Structure formats: structure tokens, C-alpha cells
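The following paragraphs lead the reader through the complex shown here, from a single annotated site to the contacts between chains.

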Amino acid sequence: MAECHPVGFQWVMEAKQRGATVIHVDPRYTRTSAVADLHVPLRAGSDIVFLGAIVNHILSTGAWFEEYVKAYTNAAVILREDFQDVDDLDGVFSGYDPETGTYDTSSWNYDGVGAQSSAGAGEEETLENSDRGAGGDSGESEQSEKQRGAGHELGGHGADMGLSGMHRDETLQHPRCVFQVLKRHYARYTPELVEQVCGVPPEQFAKVCEAVTANSGRERTTAWVYSVGWTHHTVGIQYIRGAAIIQLLLGNMGRPGGGIMALRGHASIQGSTDIPTLFNLLPGYLPMPTVDAHGTLPDYLATISSPDQKGFWTAADAYTVSLLKAWWGDAATAENDFCFDHLPRLTGDHGTYRTVMDMLEDTIEGYFVLGQNPAVGSAHGKMQRLALAHLDWLVVRDLNLIETATFWKDSPEIETGELRTEDIGTEVFFLPAATHVEKEGTFTQTHRMLQWRHKAVEPPGDCRSELQFFFELGRKIRERLAGSTLPRDRPVLDLTWDYPLDEHGEVSADAVLREINGYHLTGERAGRPLSSYTEMTADGATSGGCWIYTGVYADGVNQADRRKPGRDQHWVAPEWGWAWPANRRTLYNRASADPQGRPWSERKAYVWWDEEAGRWTGHDVPDFVADKAPSYRPEPGVGGPDGLAGDDPFVMQADGKGWLFAPTGLLDGPMPAHYEPQESPVSNPLYRQQANPTRQVFRREDNLQNPSGDEAGSEVYPYVFTTYRLTEHHTAGGMSRWLPYLAELQPEFFCEVSPELAAERGLEHLGWATITSARTAIEARVLVTDRVVPLRVGGRVIHQVGLPYHWGVGGDALVSGDAANDLFGVTLDANVHIQESKVASCDIRPGRRPTGPALLEHVDAHRRRAGVTILTGNEVRSGDPTSGGGAAAVAEVRAKEHTSDE
Amino acid sequence: MSDLLGPRDPASGAGWDDAPPRKGFFTDTSVCIGCKACEVACKEWNLVPADQAAGLSMLGSSYDNTGALGASTWRHVAFIEQPKRAGGQDLNLPLFPVGPSASDAVNRAADTAMTGDRSQLGTDTEAVDLGMPGFQLPGQRADRKDERPRTDFRWLMSSDVCKHCTHAACLDVCPTGALFRTEFGTVVVQDDICNGCGYCVPACPFGVIDRRVGDEQTRNVGIAQKCTLCYDRLGAGHTPACAQACPTESIQFGDVDELRERAAVRLATLHEAGVPEARLYGEDPEDGVGGAGAFFLLLDEPEVYGLPPDPVVTTRDLPSMWRTAATAAGALLAGAAVAFLGRRR
Amino acid sequence: MAASPTPASGPGQDDRARGGRLRRTLLNWPVVRQLTGSDPLGRGSASVSERTAGLTARTETADRVVRSVCPYCAVGCGQRVYVKDEKVVQIEGDPDSPVSRGRLCPKGAASENLVNSPKRQTAVLYRRPGGTEWESLDVDVATDMIADRVVATRARTWQDTDEQGRRLNRTLGLAGLGGATLDNEENYLIKKLFTAIGAVQIENQARI
């Protein structure tokens, strides 16, 4: 955090000075470790074991926060009889299909919920609920759900969570209740396993357990902070789930000083998820419709929520219709399902890596790259760059001439002879962009807070904002299609695109923000901004481009532009900027009070029930129905916000509870289970299943994988490497390697190695090293440092190599160097299609890498020695070479035959 | 020479009547996170160019690629990797399969890099045959019983800056009046006066001030340059750029008297918290430079951070220096007259 | 609205005034001052050059101060942007921000460098198929050409339905990547436009 978010880290330093214990768990000793109380180095890719053993420690020592867990989590819920854990099935949960590498997740659901409801018995209490039918079944096959990357777009993912028939055992003794299942699942996660898998000595691990449990409870809280060190894995979601289970067991969710905080790395990466430029989402985490499940608007809405589930997702119809009204205005009517058919349909994975592979197949003609440098920043840089050479046209919009814009003349593949400038048919437009001070608009920072930026100066020369460029582009496209009678052009011509322009002819960001907020379309308030998403209706009477942002223009005021100085308001600082939803600064903060609505302790008071006023009150906007008393219990059959009981703090979850066990929404397991990374020199000691059995693999000649574990050839790539950022640079360097003041602070690409590895491989401090994977080899200056510590894993010493990923090969930056991300292949997490780019295996040797065609020969020699084929590492079910998307894999091979002519 | 050494309140001794309280920095290195915001904020405000003396190559001195204070580096963050234990931190290193620390050897190599002889470092090595990878799992080699393991490790970071000495030798030797004592008690170079004679450079006991090198586009080439404690910002009531940017308040700006009190409290707090190695540097008015306007809380000997252990104002007992200054004053008189007349034209 | 003047604050606000500014007269000739004033050694007030005496922080002489937010990571540090003669002359931390309290990291502190970088590309560049060099291109012509290509690609690659006759209503012929450092308003227009033209392969850093 000190490395990548130094200014945020001031609060950690301040907490430390007030007595907080700061623990840093990271393969490397970083600037954060230097000032932490404890640094725990562990093997990259082993965190599920580390977190799991903390869960086990909490459960086996009785350190869990009993009252919180019983009231606010799903610990008491009984699971289905046919659910089987990974230990019963050699590393997979029940429902696994080795043919497709996917799960039928129905056996993970609560007993009595969904289509196969079964009667409760014995000591189980039947939760009184609806006599209506179960929630709509999505009808979507698990395979296509995986392709789409389902799960993350809906917090509660509740369509199959009709709650009728759910059973609970408040004593937590039922063998099939979540609490007992969790206990059994985590029993194997012992300190000894931590030592064996993570390489963390038990003494060191015990200190972490002690600190975390001692600082949780009524009086104290523990917070977890993570970044892409947790998400860039084939099991990334399950890392976060591991932390969520710890925080729920310890009562640290929804409370001040608690939570799990994702420190995001780009100014508005939170915003670009909320208002997504992502293939599978519409604004506000509404899913993009798919061809097989979303034929009509009612079909679509039925997959988002069922009417008898609890919480705010039941109003998805209002959110969706308001969005459609915002986009297609008067053309969107109840008669035409509000232009729902104007939306294109998905047929599977259309994520960025899939798209790049489609470029190699020449099915994609044009590509817009906007403030992004995939030639350096994406995994498998060579695949990215070769794909660019297959395009007909490419538009790069950036501040500097980044490597993605200049690949055709100075990419590494020119040097190796794989590409020849004259043969590259790609037409490239480089359009200079405006900086953050040359345009107005909002960024959404890592805490979901929108902050408005004013424009300071006009952009120089040809520089334009994306807002202006896309407005103009839209205008020109509409001009070209004007008068068309083709059905396909209706969505373009019906589009609301009449934004007011300022005196420079530039589109007003303020007007766009108003559209995002939404407004009333009818009645006496017509034209007035909505103040809350609860005002949205499903009948077309409201418009709003992103329901979770509704309120940012409440009262006709740009709430994101509020700048009451922090020192002039209380510590929550609610009058600076605006946080979604409804300016809440801490989500699920109902949980900061006990079931009766009283603060868990005075010290940790945050939001509480004011009996006299009959309302929730406190330091923050209560994340609850404001006047719903703690004692409130809904009538049977009531869904939506009214279905929430007074002690259901997790208002976006279908059952109002925090999920220790995820009965739905995830594609790779209801609880975290340890799997090794896609490439690992270590075998999975827990079961035969080596890596995540649902990971998305791409069997291609241009995406070969290193052998792992005890596979033959894994000794050719015996070391673990991880990548990271340095304080002095930003991502792929587009905003740092061109600046003299930053370039001089970290001018050269380097690798960090321990003295032990240096001795083992003859690496010399400040000399060169060549690092090789099955994809390529790169060279880096060597930094020998005690900050990297070898680990003893399973009786073997494992060395890790650290690689900052900011540099790239090109001609325009002040500083350049080989790109660390070139070492990675493409293997994705099933839930969200994120690549595993925080861990893989490699070889490292002293000296500079070969150049020209000799580089390819060097890489190939390693592969041959390791016996690498396109099946290596790509068998999703270990020990079963026929498993895992066989047909798809063949298609990949064929595609490669085509591309290998290049 | 006591006059030359001047009184304890440097501003009033330099003709500033009714001077404001002396301003300075207290840099608490125990909370420094080595982010280098100070280096950049300083350059950005003071229009200091990228350091062409240091160039765009890696120094290998941990994360420090700046090297030292100089004409184009007015704040410098040092990174020190040490086989020592940080106060309150226990890394349990003996439990890991580690061999001896590399810090000493690495530091020596980095020293070599900084002095410019890189031939020994293999940095210009041409492509070499990388050999064939072995078939043995590297981690399964003979165990390291015979090797002495590392015991502890810590990573120190510290942002260095001009000390703005009470008795400032650079100022004493400046023949042109380019260096002067401001009303804030700080020592500042006037770019329009400095003729680049360089007398100040060897005079500084800390090696802070230097003449700028650079190409034609570079500002103030040949002129002595160093931290001004953001003289222009102070005049406007602002905090110096480095202190304002510092995320963790490692760099604190204020009245020197108040900062000294703050430093004493912080020192006591750290000692109580089990960090006995904490010490102050440069805060003592009795030291060889009469106390620094910019002083530090360190966690090791000053030498470790590249600071002289016992700095002495180089003009303390050098009458010959006075003669030089007198000669130079004559030159100033003549030069200044010409300059003045030139302006009048 | 954009330019809210920022009151000067912090220690030493009045200190300069107390120190006394020197008027520009003959008496300001350093040697005269040295010999007649209270600085006989000529190391302080008597040495002040005319330029030094006229030194003013450029935050004070700026035409306006604009409130902004750092463009690097997602902490969201407040920035104040100082503008003089329609040029950014300084960007520093906003002390009012409860997030950052006026502080910046090295990247944030380099923001002015980002805006005014001599390396920054401010003209449209065009590389024709097979070309070996950049060519220059008018910005409006470039936008027209891009619009033409979008329309043509879309027409060539349009999919009305899948093989089962189900509505697809899309093109897979064009794609996009980027957006994590763009404004919400920009991402909104991008998503809105691409969705309307039927382009679904729109991605950003959040996937990566």
C-alpha cells in the first residue's frame, strides 16, 4: 500500500501511531513492510491456504463473534444433502462436469430453495416464507454462464434464491448447516499446511492469527486491504471470499475500521466498473443480455431477481427501464419493451483476451484503444502485439506515443523477424488526448466516491477529451446512417445524443452526469433530477443512466463537486464528494449495531437505531430502510426491501445475510479451496487436482504453458515469479515513462532476487539476467536484495523472482526495457475472465538475452527440454487429459495453424 | 572569528530587523516510506531539471537512483538495506532457508556504480550463451548447514536536504553575495548574482551545494544550486513543496524552535516504544555548524545515511578564508557596480 | 464556478511582511546597503538582489486556481491547479481534501510534468497500411475517416441473428479497450454509443 497508494497509506501510518498493528503479507519486503509491525513473506499463489488457516484458527479456538455470526450471516442455514466438498471428490465440489470444466451449482444451494425444494425435518426450523413459487430459473446453461463470466455483475445474484422453504438451525449444530460444513471444510487448513504450502513458519503465522483475533470483537476491528496481488489469479475471487469469511466470522463487516478494501490502481477504475466499459455489464451492474436467456425484457429481468427475494435487486425492472429510457428516450415505450431489443446480445466470452485471439483469426477489423497500453500492460504481450498487426484499423488515443501506437515500427517482434513493418496492413490513427485538467468530469475513486474535476485550461493542439471525441464520432456515425430504414440502424438513430455544447462547441460533461443521475419524465416533477434510485419506476416515468449513481445530482446540485474542507466536518466527511449508493461511506453499516440496533460498543458506534425518533441514525447514511425497526419481521411472502427483517443488514443479498458459504453467484466453488497457480513448481498437496478445475484455458501454439508440480519438465522452469508496481511508475508506463521527473527515479527494468538465488544461478548485482518462460525470454538488470527471502515449501527451497512491469520496448519513451508481462500466458479465472498475472514459473540465468531469431530459438530450446505441448498445463481436470472443453480446444489449434503463417 | 560565525539567530545577525521566527525542516525518517514525493514536488515547484549528472541508469543502491544531493537534486531519498533489526519488527528470518545477507556486498557494488566505474558490474555485457538449464530441481541442492543465516533485516529510508546551517560556510565563502541569509534564517542562492565561481562547493561540510551541469536547454547551468526551503513559497505563507507533498509527515516544516520540541517528543516516544536506536541529528545548537535549520531523526549512525558524523563549518578557523572573501568582496564591488550601471542604462 | 480563489494559509503568512521588502532605489545597491545597514558582513538583507526582492510564489500570481483530482491511482487525492495566461503553472495537493489532506505521491506531484511534458504528443498522427513512418492528418479528417471505418466495418460484420434465428443485433467486427483513467461521463458515452451500434467487445483495465 505504501508502494502503490502512498497517500492513502498516511492513514495506516496514523493508525499505527495510535497503536494499530500493521501486518504486511507479501512475497516481497516492500516499502510497506519497512514500516509494518510484521512482514510475512509467502509463496505467490498460496493465499487460500494462508487465509483458510486463519479461518480454521478462528473456528477451532472459538474466537468467532458469536452474536454477529448467528444474527448476520448464513451460518445457520441448512445446505442440501447432495452437496459434496472437495475432500470427498478429489479436489472438485459436487456438480463438476469434467467435459466442460464447469459446475452445475444447484447442489450448493440452500436446502429447500429453488426448484428442488425439500421438506425440512428434525430440529431444523423452517423459515416461514412465500407460498409463491420459487424464483425464476435462469435456464442458462452453466457453460454459457461461464463464458459470460456470470456472478460478479449481481451482488446477490438472486434469481434462483427464492427463499421459500429455506431451513435454519440457530444452534449451528446441524451437520449440514453452513457453520458445520465450513468447520469440516477448513479442518485441513492447519499451520502445518501453511508451512508446507505457503512457506510461512508456524511461529510467524501464529502472530498473524493472534493479532487478527485479538483486534476483533465489540471494541476493536481489523481491516483487510488488497489489490491485484489477490485478483490476478485463476482463483482470485476465492482469495477475496477467504477474507470475507474471516471478516464475517470476526464481525468486521459493515463496521468502522473493518471491511475488506480493494485498493484500485487507476483514477476511475471503480467508475469504469460502475459505468462499465465491460462486455458483460450495463451500467449499475445490470447484465448485458445473452442470446439464450434474455429473449425478452421479462426473461431478462427474471434472471436478475425473483420477486420473493429480499433487498433492493427486486427493483431491477425500474433500474433497467430507466436506463433504456435514458438511452432511447421517446422511442422507448412500454409497447416495445422500452427498446430492450435495441441491445445487442452476447453469445459467450467477449472479454479482452478472447477478443485479441479473435483478432488473430482476422474476424475483428477495428480496435479502439483508449488510455491503455495493452502491448505492455496485458498478459502475453507478444500475443497482443501480433494481434494488432492483424487489424484493418486501429485507433489509439493517449497522451504519449505509447508502445501500442508504435508497435508497427519498434515492437520486439520486428527485431525477432516475426513482424515486418512493410507487411503490417494495420492503418493506425493516433489521436492525442486531453489530460485530467483539460476537461471536466468525475472520477470515482477506490472508496466509491465521485469527485468532480473542473477544467483548468483548453487542451493543446489536436488534443481532445474522450467525451468530445466520442460525441463527435457518434454524431458523424448518425449522420452517415441518417435516413436508413434498416432495422439495425434504429438503435443508432433512436439514440438520445443531443447534448448541450459550450462556447467552444464541446459537449457538457455536466449534462451527461445529469443524464446518469436521471430525472422524472412525467407529472409535476417532470424534468427534475431524481434524488434516489428508489424513485425509479418500471413504467417509463423516470430516466436514469446508472441507478447506483442516482443521487449524485440530487436537488439539482452536482453533489460530486462538494468540497467542504475535511477539517470543517466530522471524520466521515460526508460533505466532500458523493459516494454511491446514496452517499453511504461504509456499506452494510446496519451491521455496526447489534441485532437490537445498539452500537456493539461506544468506541465503535457508527450507525444505530434511535428508538424515540423511530429511525436509524449515526455518523453515516444508514445502509438500511431508514425507519425499519430492529425488531421488524416481514410478513411471509414479502420480497424486496419490505422483505428485509430488522436484523438483515446485507441488504443486497437475497437473504439479507452475509455469506460464509456462497450458495449461488460463483462458478468455481461455494467456499475457497486451495489450487495451485496455472504454472507452479509445486504440486498441490491437498488432492490430485492441481489447479482450479474451472479456469479458462486456451490451448494454442502461441499460448504454451510451463509444466507444473511433479510433471516432467517442470524443473526447466523451477522458479516462481511475480509482478508488481513501483511507487515511481504507473502501470504500463504511459503516464510515467515519458515524464523526466518519474523516469529518472526508476530508469531501468530490473528483477529482484535473493542472495541465495543469485548464488545458485550466478547472478551478479547490477548485471543482467535473462528470465525465460514458455512464451518468451526477457532481460533485466539484477537487483540482489535481502528483501527477497527464499521459502521452504514442501521440503524444498523455493525461490521467487520479483519483476516490476512498467517498462516496454519502444522508441518514444524516455526509458524503456523488456516488459515483464510478456512472460505470462493467458489463463483466466472463470468468474470474471481475469488473467493470472501475479504468479507463474520461470527460469533465470545470468547474462543478456539473445536477440533476433536467436531469441526464439532460446525460448524453443527451453520448451523442448521441458517437453511442452499445447496440452501442457491445460488439462483442467488433473490426471484426465481428455477433459476440459475438448471441442473448443481443437478450434483453438486450428486457429493457430492459420496464424502461424505470419 | 566569532563575528563571522554569527549569533544563534541567523536572520537578525544578517540585517533582518524584526525577522520572523526561523523556519526549517524536521525530517522524521522513522515514518518515511521512501515514496520520493519530496524529490518530485521539489523539482516541480523549483523548476529543477531532471538530473543529468545522475542520468537515466540504475544505481543499484536499493531503490535509490538519484544518488546524492546536487545542483539538480535538492531532496534525495536514501534507501539503506541492513542486516539489522527494525525497532518493534521481528521477521523471524532464522526460520527461513536463508544464507548470509547480501547487503554489504550489494552496497559495495552500488558504491562502485555511483562512482562511475561500471566496467566491473557487467552492465555492458553483450549477449552471452545462457547455457542449458539443469535437470536438478535447484531448491533440492545440498542444504546450507555450513552457511551463516541472516538474522535480521531492515530497510531504512531518509529524505536528505540542505541543512540551512546556523553557521553556513557556503554563505561565508560566497564572494558575490549570491548566497544570502533570508529573513527566515535560511540560506538561498540568488541565480541572478551567482557567477558560478564554485567556492561554496567544497565549503559545504555536507556536500549539498553544487554547480549545475546540463545541456543548452537546461536552466541555470554552471550556477550553484541547492534547496531554498522554497523561499518564494514561504513569502506567500505556503509550506515548502516537499513538506506539503510528504504523505506520511516524515518531512515537517515549521518554526525551528517548535520543531526542536517536536523532535524531542518524538525521540522520547520512540525510545519508550522500544526503538533505542532512534537519535536526532543536526538539532543541537552546540554542534559544529551551530545547529541546522533542517535536522533529522535517524535510526542509525549518520554515516549510514551518507551524513557526516560530526560536521564542522569549514570556515571556523581559517583566516585565510576571510582574506579570500575580502578579495572576492573587492571583485563584488567592481562587478556589482558594473551590473548596477548596466541596469540603469 | 471553476476558479475558486484559494486563500493563502499556513505558517509564516505574515512573516515575509515583517521581514521587510526592500524598495527598488539606489540605496538598494548591495554595497551601499551593506555599509549603511545592519548587515555589515553583507550576508543577509544587504545582499538581496532586485530579482530576489521581487520574487513571488507563482501560486500568488496565478490567474485562477481550479479544483481537480489526481489522475493516477484510485485514492483520489485532491489537487489544486494554478493557471497563468491559460497555461498550467503548478499542480499541488488540496489541503481541504479529507482523503489526501494536501499530500501527493511522486506521480501526483509530477502531474504538472504530465500536462506540460515536452514529450507529449499534441498532433494527430496517421500510419497508412504498410507505411514505415507517421504522417500528419487533420483532426476532423481523422474523425471522419474513423467514422467511415466504423460504419463500413459494422455493415460488413453485422449479425442480425444466430444460426437458430435468435436475435443477436450486433457486430463482432470492432472492439475497444480502455477507460480506467477516463471520466464516468466519458465511459458512459462510450458504452452508450458502442452498445447502440451493436459493438459488444468493449473492455477496460478493470478486466486486466
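## A guided reading of the predicted complex

Helix α2 of chain B, which spans residues 37–46, is the place of B:Cys42. The model in which this residue is described is a predicted one. B:Cys42 counts as buried because 27 C-beta neighbours lie inside 10 Å, where 20 or more suffice for that class. Leaving aside neighbours within four places in sequence, the contacts of B:Cys42 are B:Val48, B:Trp74, B:Arg75, B:Ala241 and B:Cys242.

One of these partners, B:Cys242, also shares an annotation with B:Cys42: according to an unreviewed UniProt entry, a "binding site" covers B:Cys42, B:Cys227, B:Cys230 and B:Cys242. These four positions are spread over 201 residues of sequence, yet they cluster in space, with a largest C-alpha distance of 10.4 Å. B:Cys230 is placed in the loop between β7 (224–225) and α6 (231–235) of chain B. Because B:Cys230 has 26 C-beta neighbours inside 10 Å, this residue counts as buried. Beyond four places in sequence, B:Cys230 is in contact with B:Trp45, B:Pro240 and B:Ala241. B:Ala241 thus appears among the contacts of B:Cys42 and among those of B:Cys230.

Attention now turns to chain A. Its assignment comprises domain 1 (1–40), domain 2 (352–438 + 459–488) and domain 3 (714–899). Between the C-alpha centres of domain 2 and domain 3 of chain A the distance is 25 Å. Their contact takes 26 residues from domain 2 of chain A and 30 residues from domain 3 of chain A. On the domain 2 side, at least two residues each are supplied by α14 (352–360), α15 (374–377), α16 (381–388), α17 (403–410) and α18 (412–416) of chain A. The residues on that side of domain 2 of chain A divide into 10 nonpolar, 10 polar and 6 charged.

Another position to examine in chain A is A:Thr772, which lies in strand β23 (residues 768–772) of that chain. A:Thr772 counts as buried because it has 25 C-beta neighbours inside 10 Å. Not counting residues up to four places away in sequence, A:Thr772 touches A:Ala777, A:Cys842, A:Asp843, A:Val859 and A:His862. The C-alpha atoms of A:Thr772 and A:Val716 are separated by 9.6 Å, although the two residues are 56 residues apart along the chain.

Which strands pair with β13 of chain A? Strand β12 (residues 393–398) of chain A pairs with β13(A) in the parallel sense over 6 bridges, and in this pairing A:Trp393 has A:Glu427 as its bridge partner. Strand β4 (residues 125–127) of chain C pairs with β13(A) in the antiparallel sense over 3 bridges; here the bridge partner of A:Phe429 is C:Tyr126. Strand β13 of chain A, residues 427–432, is mostly covered, with 6 of its 6 residues buried. In a regular strand the side chains alternate between the two faces of the sheet. In β13(A) both faces are covered: A:Glu427, A:Phe429 and A:Leu431 are buried on one side, and A:Val428, A:Phe430 and A:Pro432 are buried on the other.

A further pairing between chains A and C involves strand β11 (residues 366–370) of chain A and strand β7 (residues 167–178) of chain C, which run parallel and are joined by 5 bridges. Within this pairing, A:Val369 has C:Leu177 as its bridge partner. Over the whole contact between these chains, 128 residues of chain A are in contact with 101 residues of chain C. Helix α19 (residues 466–481) of chain A contributes the largest share of the chain A side, 11 residues. The residues on that side divide into 66 nonpolar, 45 polar and 17 charged.

Chain C itself has 8 helices and 8 strands, and of its 208 residues 55% count as buried. Among its contacts between residues at least 6 apart in sequence, 35% join residues at least 24 apart.

It remains to consider the confidence of the prediction. For the complex, the predictor gives an ipTM of 0.93 and a pTM of 0.91. Chain C has a mean pLDDT of 87, and 81% of its residues reach 70 or more. Over residues 1–26 of chain C, however, pLDDT stays under 50, and the model has 44 contacts beyond four places in sequence for this stretch. Where pLDDT is low, the predicted coordinates should not be read in detail.

Definitions and conventions. Residues are numbered from 1 along each chain as its sequence is written. Chains are lettered from A and ligands numbered from 1 in the order in which they are written. This is a predicted model: local features need pLDDT of at least 70, side-chain atom pairs count only at pLDDT 80 or more; totals for chains, interfaces and linings use all residues. A residue is buried if 20 or more other C-beta atoms lie within 10 Å of its own, exposed if 12 or fewer, and partly exposed in between; C-beta atoms are placed from the backbone. Helices (H or I, at least four residues) and strands (E, at least two) are DSSP runs, numbered from the N terminus. Two strands pair if DSSP finds at least two bridges between them. pLDDT is the predictor's confidence in each residue, from 0 to 100. Two residues are in contact if their C-beta atoms, placed from the backbone, lie within 7 Å. Ala, Val, Leu, Ile, Met, Phe, Trp, Tyr, Cys and Pro count as nonpolar, Asp, Glu, Lys and Arg as charged, and the others, Gly among them, as polar. Domain bounds come from an automatic or database domain assignment. UniProt positions are given in the numbering used here, feature names are shortened, and annotations may be inferred rather than shown by experiment.
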